[in-house]
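Reader: I am new to this structure and would like to understand the terms used for it. Could we go through them one at a time, with the reasoning behind each?

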Amino acid sequence: MRRSIRRFAPAELDRNTIEQLLEAARLAPSASNLQTWRFRVITAPGEKKQLRTFAFNQRFVEEASAVIVCCADLLSFKDRLKTTMQLITVGKVRPNLEMLLRMARGSSDQELGEERQILNAAINVAIAVEHIVLRATELGLGTCWVRAFDAAAVAEYLSLPQYAIPLALLPVGYPAEKPPPRPRRDVNDILI
Ligand SMILES: Cc1cc2nc3c(=O)[nH]c(=O)nc-3n(C[C@H](O)[C@H](O)[C@H](O)COP(=O)(O)O)c2cc1C
């Protein structure tokens, strides 16, 4: 059962394990199949220590075996129209009226507006990150989503390309705790 893990055993992750996590991300669904996620895997102790400071000193960020910096690639939205056309051509997407009108005008995704692009990017990245989380759980690893961090500082420190926006840090490692389930709303409370 997945839980957020905030205590990790001091063990390294082998390359194959990290590859399996990235493979799970790679296979995630995304709007127009744009795959707008980008990742940087941090394992060097000095770099993890630095990431901890950018994450309001959350200790487990440094203690995890690896921290996956999960980013949205805003540039890849430029390819959206092309990708949608390809999907329509091979019969994978049935265009709706809005899509047809937009294509008839030859408009690109620039018209979607920045807010909408960022929202799409965030949704795609979130799905890919959760794929990693669930695969990690299957492999006996623990993770904890971290959003409380200074994205600009992380981007600068890691010299990320300008178009890559860090949306989450994902510390990964072998759990050194077995937390109980955290409270959840009753199913009736989530139906509206
Ligand atoms: C988008 C997102 C951001 C989060 N950010 C943090 C964080 O910065 N630090 C932290 O300790 N936990 C963070 N969490 C973990 C949540 O606190 C946790 O998922 C929630 O309390 C439920 O516990 P569970 O994951 O064990 O079921 C985050 C979770 C999500 C989904």
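Reader: Which residue of β4 does C70 stand opposite?

Author: This is a predicted model, and in it C70 stands opposite A168 in β4.

Reader: What makes β2 and strand β4 (residues 164–173) count as paired?

Author: Two strands pair if at least two bridges are found between them, and 8 bridges join β2 to β4, so the pair meets that condition, with the two strands running antiparallel. Strand β1 (residues 37–42) pairs with β2 as well, over 6 bridges and again in the antiparallel sense, and there F39 stands opposite C70.

Reader: Why is strand β2 (residues 66–73) called largely enclosed by the rest of the structure?

Author: A residue is buried when its relative accessible area is under 20%, and 8 of the 8 residues of β2 are buried, so the strand is largely enclosed by the rest of the structure. Burial is found on both faces, since A66, I68, C70 and A72 point one way while V67, V69, C71 and D73 point the other way, and all are buried.

Reader: How do you know that R182 makes a polar contact with the ligand?

Author: A polar contact is a pair of N or O atoms within 3.5 Å, and an N or O atom in the side chain of R182 is 2.6 Å from an oxygen atom of the ligand, so the pair qualifies. Taken alone the ligand exposes 620 Å², of which the protein buries 65%.

Reader: Which kinds of residue make up the shell around the ligand?

Author: The shell divides into 5 nonpolar, 2 polar and 6 charged residues.

Definitions and conventions. Residues are numbered from 1 along each chain as its sequence is written. This is a predicted model: local features need pLDDT of at least 70, side-chain atom pairs count only at pLDDT 80 or more; totals for chains, interfaces and linings use all residues. Side-chain values use heavy atoms; hydrogens and water are left out. Buried means under 20% relative accessible area, exposed over 50%, partly exposed in between (1.4 Å probe, protein chains only). Helices (H or I, at least four residues) and strands (E, at least two) are DSSP runs, numbered from the N terminus. A polar contact is a pair of N or O atoms within 3.5 Å; within protein, one must be able to donate a hydrogen and the other to accept it, and residues adjacent in sequence count only if both atoms are side-chain atoms. Accessible areas come from the Shrake-Rupley method with a 1.4 Å probe; for residues, only the protein chains shown count as cover. Ala, Val, Leu, Ile, Met, Phe, Trp, Tyr, Cys and Pro count as nonpolar, Asp, Glu, Lys and Arg as charged, and the others, Gly among them, as polar.
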